[in-house]
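Grab a pencil and work through these exercises on charged side chains. Try each task before you read its solution.

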Amino acid sequence: MGKKVLLASPTGRAAQRLAEMTGQEAKTLHRLLEFDPKEMGFKRHGDNPLQGEAIVIDEAQDFSPVALRFLLNLVPNFNNIYITADASQSIYQRGFSWKQIHTDLKVTGRTLILKQNYRNTQQIAIACTDILLGTEAGDPECLQQIPSLHIGDPPLLCLSNNQDEELGAIVTGK
């Protein structure tokens, strides 16, 4: 008999993809924590924790720091928690550190950083790294990648001063 594994994603679409890939039910954070709109609160909390032996949190970079910490406070121990995230894609850059989450979870020696990008071309990965280097976005170790297997044209980067310039660049490709 297997463990009861809870699967969570930040959005309904991501939860649906996770469910399709695993063949198990996946829920958004609000559904996992059983949000009650009448009470404007969650049925799952410190006195009524999550009922699972393990939890997988996918696309964790899209959870707000508060939501992620709230969820982690409902897990009795961190030995059976698995988080996938791309820190370079996080929309919560300011005042949020994945290294702090790493420290809070006490996962030293249990962290794996994937080093090969299978989604983008080498040229896109290089352009993204060039843009992100020297910023607060992403962790430096996440930016050091094994070159992608895919080759393509370099992306066209266009700076615009207003929406009309931006639309013109999209239409003309320049």
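**Exercise 1.** Work out whether Arg17 is buried, exposed or partly exposed in this predicted model.

*Solution.* Start with the number: Arg17 has a relative accessible area of 39%. Now the cut-offs: buried means under 20%, exposed means over 50%, and partly exposed is in between. So Arg17 is partly exposed.

**Exercise 2.** Find the salt-bridge partner of Arg17 and say which parts of the chain the pair ties together.

*Solution.* First, look for the partner: the side chain of Arg17 meets that of Glu59, at 3.4 Å from N to O. That fits the cut-off, because a salt bridge needs the nitrogen within 4 Å of the carboxyl oxygen. Next, place both residues. Arg17 sits in helix 1 (residues 12-22), while Glu59 is in the loop between strand 5 (54-57) and helix 3 (65-73), so the pair links parts 42 residues apart in sequence. Last, check the partner's surroundings: Glu59 is buried, at 18% relative accessible area.

**Exercise 3.** The structure holds three salt bridges. Track down the partners of Glu25 and Arg44, and check how exposed each residue is.

*Solution.* Take Glu25: its partner is Arg31, with the closest N and O atoms 3.4 Å apart. Glu25 is exposed at 54%, whereas Arg31 is partly exposed at 47%.

Now Arg44: it pairs with Glu34, and here the closest N and O atoms are 3.1 Å apart. Arg44 lies in the loop between strand 4 (41-42) and strand 5, and Glu34 in the loop between helix 2 (29-32) and strand 3 (35-36), so this pair ties together parts ten residues apart in sequence. Arg44 is buried at 15%, and Glu34 is partly exposed at 30%.

Key: Residues numbered from 1 in each chain as written. Predicted model: local features only at pLDDT ≥ 70, side-chain atom pairs only at ≥ 80, totals over all residues. Heavy atoms only, no water. Helix = DSSP H or I, 4+ residues; strand = E, 2+ residues; numbered from the N terminus. Buried < 20%, exposed > 50% of the residue type's maximum accessible area, 1.4 Å probe, protein only.
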